[in-house]
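Here is a friendly briefing to read alongside the coordinates. Have a look at the structure first, and then we can go through it topic by topic.

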Amino acid sequence: MQDWNPQLYRQFESERTRPARELLDRIPLDDVRFATDLGCGPGNSTELLAQAWPEAQITGIDSSAAMLEQARERLPNCHFLQADIRRWQAEQPQQVIYANASLQWLTEHHTLLPHLVDQLAIGGALAIQMPDNLEEPSHRLMREVAANEKWQALISPQAADRKRLLTTDRYYDLLTDAGCQVDVWRTTYYHPMADAQGIITWLRATGLRPFLAGLDETQQAAFLHDYHQALIPAYPARSNGQVLLAFPRLFMVAVKTG
């Protein structure tokens with residue numbers, strides 16, 4: 001798959017940063033010396049950590065070289081590392097491990113989350129936000145269009161293989177069993193978009209990437225046309241002409257107590 005496109009991702013930076021900020025606001029810590037942003041992207045979430053704790057050593061982790069290049073330009077005083085979150089090991093216990101819209105791309109959460117808790121100092125916080133939107137029309141229709149006979153030979157079944165999140169109860173048990181006090185909540189954001197094409201522009205930077213990865217430019221345009229036609233009835237225009245993109249997200253803040 002091609003590297004992430006930071007410019008495309010940042011077209012909706014305000015909307016993407018809002019849940020990051022709301023996650024940060026629920027971290028009950030003031031004295032933070034070491035904090036890590038897992039899946040830091042172009043640095044918009046890392047910037048929030050640097051503003052909240054200006055004296056802390058802030059590290060951003062991402063698998064994308066393109067994203068990290070922009071993050072380093074944006075925040076020259078922070079440290080950035082290209083690494084796989086699943087294999088990341090902190091050099092010293094962290095007061096904050098922050099994962100905004102990154103862990104949903106990974107599997108094996110039942111082992112990943114306890115591993116991340118192990119990287120925390122006592123009293124430290126693991127803060128997680130993940131999109132929980134696989135059953136929304138925006139994502140369901142991606143899978144349905146890709147399953148059409150026209151596209152089956154061109155789009156790998158693995159393109160639709162983003163794993164569903166565990167249940168909220170299961171996450172709560174995982175984190176409490178790992179020795180944490182857990183705050184968990186879910187929020188659905190409703191983003192006004194100019195039209196269904198705006199939804200495609202948003203998702204080309206994220207959810208559509210696996211579906212488009214194996215297609216050439218002509219095929220991508222044809223797939224996006226079919227997807228757009230499916231989106232139009234699913235997202236009818238409101239009275240002001242805009243459409244509303246519902247975007248559920250799951251939040252967790254786990255403070256390590258022992």
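In this predicted model, helix H9 covers residues 196-204, and its buried residues are Ala196, Gly198, Ile199, Ile200, Trp202 and Leu203. The points below start with that helix, then move on to salt bridges and cysteines.

**Helix H9 and Leu203**

- At the start of H9, Asp195 places a side-chain oxygen within 3.1 Å of the backbone nitrogen of Gln197.
- Leu203 belongs to helix H9, and its relative accessibility of 2% makes it buried, because the cut-off for that class is under 20%.
- Setting aside residues up to four places away in sequence, Leu203 touches Ser138, His139, Met142, Leu208, Arg209 and Tyr227.
- One of these partners, Ser138, is 65 residues from Leu203 in sequence, yet the two C-alpha atoms are 8.5 Å apart in space.

**Salt bridges**

- How many salt bridges does the count come to? The count is 10, and several of them are picked out here.
- Asp132 pairs with Arg186, with 3.0 Å between the closest N and O atoms. Asp132 sits in the loop between strand S5 (120-131) and helix H6 (137-146), while Arg186 is in strand S6 (residues 180-193), so this salt bridge ties together parts that are 54 residues apart in sequence.
- Both ends of that pair are partly exposed: Asp132 has a relative accessible area of 28%, and Arg186 comes in at 43%.
- Arg143 forms a salt bridge with Glu135, the closest N and O atoms being 3.5 Å apart. Glu135 is partly exposed, at 49% relative accessible area.
- Asp226 and Lys150 meet through their side chains in a salt bridge of 3.0 Å, N to O. This pair links distant parts of the chain, since Asp226 is in helix H11 (residues 217-234) and Lys150 is in helix H7 (residues 149-152), 76 residues apart.
- Lys150 is exposed, with a relative accessible area of 53%.
- Asp84, Arg86 and Arg87 are joined into one network by salt bridges that share partners.

**Cysteines**

- How many disulfides does the structure hold? The number is 0.
- Cys40 is in no disulfide, and the nearest cysteine sulfur, that of Cys78, is 9.4 Å away. A disulfide would need the two sulfur atoms to be within 2.5 Å, which is why this pair does not count as one.
- Cys40 is buried, with a relative accessible area of 1%.
- Cys180 is buried as well, with a relative accessible area of 7%.

Note on methods: Residues are numbered from 1 along each chain as its sequence is written. This is a predicted model: local features need pLDDT of at least 70, side-chain atom pairs count only at pLDDT 80 or more; totals for chains, interfaces and linings use all residues. Side-chain values use heavy atoms; hydrogens and water are left out. Buried means under 20% relative accessible area, exposed over 50%, partly exposed in between (1.4 Å probe, protein chains only). Helices (H or I, at least four residues) and strands (E, at least two) are DSSP runs, numbered from the N terminus. A polar contact is a pair of N or O atoms within 3.5 Å; within protein, one must be able to donate a hydrogen and the other to accept it, and residues adjacent in sequence count only if both atoms are side-chain atoms. Contact means heavy atoms within 4.5 Å. A salt bridge is a side-chain nitrogen of Lys or Arg within 4 Å of a carboxyl oxygen of Asp or Glu.
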